[in-house]
Amino acid sequence: MVVHHLPNPPPRSRYHAVADAIADAGFPAYRYRQLLHAVFHRAVLDFASMHELPIRLRDLLTARFGPRITAVEPLATQRSPRATKTLLAAPRGGRIESVLLSYPAGWSSLCLSSQVGCGLGCTFCATGTMGLRRNLDADEITDQVLLAGARPDSVAFMGMGEPLANPHTLTAIDLLVDPAYFGFSPRRITVSTVGFLPGMRRLLDRHPGVVPTVSVHSPYPDQRRELIPLEDRYPLAECLDVLDEHAAHSNRRVYLAYLLIDGVNDSTAHADALARQILGYRRPDLLVLSVIPFNPAPGLPADYSTPSAEATTAFLRRVRSRGIRAVRRNQFGADIDAACGQLAARRPGFVGVEEILRADGDPRRRRGDAASSG
Ligand code: SF4
């Protein structure tokens with residue numbers, strides 16, 4: 001049955017299937033609205049605990065969809081003072097991670113995964129060592145928000161995967177900004193890309209209010225190609241043209257991420273070339289450089305290392321002295337492999353994860369790689 005008079009459940013999503021099931025069983029449309037109220041205002045995920053619904057409907061939904069509205073299953077969590085990393089099993093296969101960051105100023109941000117693994121092979125990134133298993137669907141992406149423990153103040157597509165290589169990311173953002181569902185302001189949604197240009201165009205067209213971040217990592221195309229092989233297909237210069245156009249048109253800040261690797265891309269020459277490149281755009285005042293010290297992780301090149309705090313400060317000073325707006329990105333969770341570039345769903349430090357993998361009979365455990373099969 002086609003669902004009418006309901007808060008637009010996206011086609012093929014679990015929400016749509018739930019709304020259909022409610023209508024097909026002859027319940028009035030307001031029951032679906034009650035269900036959404038339970039999920040998004042009372043944080044009730046178990047159908048059995050949605051007391052505003054008749055028991056017959058709760059039983060029907062449980063029989064049809066399982067005990068919870070979420071399809072993704074949390075397996076284990078790992079905490080450090082300002083980061084909580086959650087390992088999740090995706091229903092269609094594979095494991096992913098999300099990271100809840102708590103900032104000293106009192107707000108929180110959830111780092112979302114968009115793919116199981118990633119096929120783009122950036123040489124500084126643990127997820128890239130996994131290869132691409134598959135795209136997550138919109139439910140699997142947004143379930144990470146429902147399972148974060150508390151509603152985050154903002155979300156960032158900075159977890160596993162290249163979000164703009166996955167068409168379902170746009171559907172997930174539809175849900176995240178819809179007031180009937182997650183109701184985030186687009187300004188509270190950051191989408192980080194290494195420059196997947198067609199997806200970037202589609203994102204800025206459909207959700208112009210979200211905050212885009214493009215990874216730069218080197219002002220020199222030859223070196224950038226070594227760090228981010230996608231440079232061959234979609235050169236940074238083309239991505240920055242699109243980003244600058246968007247900034248000029250929207251009059252809003254956009255971000256350029258710069259991963260600083262000791263002795264690789266942290267020289268004065270890099271800082272000066274980067275500044276020249278940014279100053280060449282129409283609205284350099286709106287292009288904010290976000291500098292991130294490299295985080296080591298298993299499987300990454302041995303000659304990549306974290307720059308010293310002094311080297312990071314010197315790089316920031318140099319680009320700022322050239323007139324660039326630059327910030328150092330706060331990094332939490334490196335001690336639990338939850339920081340940028342470290343997510344690979346494979347570290348055994350999760351509380352209870354060894355038992356989970358053993359119980360699964362998961363061959364990955366024998367290889368010490370919990371992420372490499374799905
Ligand atoms: S940095 Fe992003 S795009 Fe590159 S391999 Fe890692 S997850 Fe994929």
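Here are some notes on this predicted model, written for someone meeting it for the first time.

1. **The overall picture.** Start with the whole chain before zooming in. The protein chain contains twelve helices and twelve strands. It has 374 residues, and 56% of them count as buried. The chain exposes about 15700 Å², with carbon and sulfur atoms supplying 52% of that area. Now look at who touches whom: among contacts with a separation of 6 or more, 64% are between residues 24 or more positions apart.

2. **Helix H1 and its neighbours.** Find residues 14-24, which make up helix H1. Its buried residues are Arg14, Tyr15, Val18, Ala19, Asp20, Ala21 and Ile22. What do the buried residues of H1 pack against? Four helices: H2 (30-41), H3 (55-65), H4 (138-146) and H5 (168-177). As you step along H1, keep a bit of textbook geometry in mind: an α-helix has 3.6 residues a turn, so residues three or four places apart point the same way.

3. **A closer look at aspartate 20.** You might stop at this one, since its name turns up in the buried list for H1. Is aspartate 20 buried or exposed? Aspartate 20 has 17% relative accessibility, and the cut-off for buried is under 20%, so aspartate 20 counts as buried. Tyrosine 32 sits twelve residues away from aspartate 20 along the chain, and their C-alpha atoms are separated by 9.3 Å.

4. **Three residues with positive phi.** Go through these in chain order. Arginine 12 lies in the segment before H1 and has a positive phi of about 65°, although it is not a glycine. With 82% relative accessibility, arginine 12 counts as exposed. Next comes glycine 26, just after H1, with a positive phi of about 90°. Glycine 26 belongs to the loop between H1 and H2, and at 60% relative accessibility it counts as exposed. Then there is alanine 43, in the loop between H2 and H3. Alanine 43 isn't a glycine either, yet its phi is positive, at about 55°. Its relative accessibility is 64%, so alanine 43 counts as exposed.

5. **Where glycine 26 ends up.** Try putting a distance on this residue while you have it on screen. Glycine 26 and leucine 57 are 31 residues apart in sequence, and their C-alpha atoms are 10.0 Å apart in space.

6. **Aromatic pairs around phenylalanine 40.** How many aromatic pairs does the structure hold? There are nine. In one of them, phenylalanine 40 meets tyrosine 181 edge-to-face, with 5.9 Å centre to centre and 75° between the planes. That pair links distant parts of the chain: phenylalanine 40 is in helix H2, while tyrosine 181 is in the loop between H5 and strand E8 (189-193), 141 residues apart. Both partners are tucked away, with phenylalanine 40 buried at a relative accessible area of 17% and tyrosine 181 buried at 3% relative accessibility. Phenylalanine 40 also pairs with phenylalanine 182: the ring centres are 4.7 Å apart and the planes are at 75°, so this pair is edge-to-face. Phenylalanine 182 lies in the loop between H5 and E8 and phenylalanine 40 in H2, so the pair ties together parts that are 142 residues apart in sequence. Phenylalanine 182 counts as buried too, at 4% relative accessibility. Add Tyr15 to Phe40, Tyr181 and Phe182, and you have one aromatic cluster.

7. **A charge over a ring.** Here's something to look for by eye. The charged end of arginine 151 sits over the ring of phenylalanine 184, 4.1 Å from the ring's centre.

8. **Helix H5.** How many of the ten residues of H5 are buried? Seven are, so H5 is mostly covered. They are Thr169, Leu170, Thr171, Ala172, Ile173, Leu175 and Leu176. The cover over these buried residues includes H1, H4, strand E7 (154-157), E8 and helix H6 (197-206).

9. **Around the ligand.** Which residues are around the ligand? Look for Cys118, Leu120, Gly121, Cys122, Phe124, Cys125, Thr127, Gly128, Gly161, Glu162 and Val194. This shell divides into six nonpolar residues, four polar and one charged.

Methods:
Residues are numbered from 1 along each chain as its sequence is written. This is a predicted model: local features need pLDDT of at least 70, side-chain atom pairs count only at pLDDT 80 or more; totals for chains, interfaces and linings use all residues. Side-chain values use heavy atoms; hydrogens and water are left out. Buried means under 20% relative accessible area, exposed over 50%, partly exposed in between (1.4 Å probe, protein chains only). Helices (H or I, at least four residues) and strands (E, at least two) are DSSP runs, numbered from the N terminus. Contact means heavy atoms within 4.5 Å. Accessible areas come from the Shrake-Rupley method with a 1.4 Å probe; for residues, only the protein chains shown count as cover. A residue is near a molecule or strand if one of its heavy atoms lies within 4 Å of it. Ala, Val, Leu, Ile, Met, Phe, Trp, Tyr, Cys and Pro count as nonpolar, Asp, Glu, Lys and Arg as charged, and the others, Gly among them, as polar. Rings of Phe, Tyr and Trp (its six-membered ring) pair if their centres lie within 6.5 Å; planes under 30 degrees apart count as stacked, over 60 as edge-to-face and the rest as tilted. A charge sits over a ring if NZ of Lys or CZ of Arg is within 6 Å of the ring centre and within 35 degrees of the ring normal.
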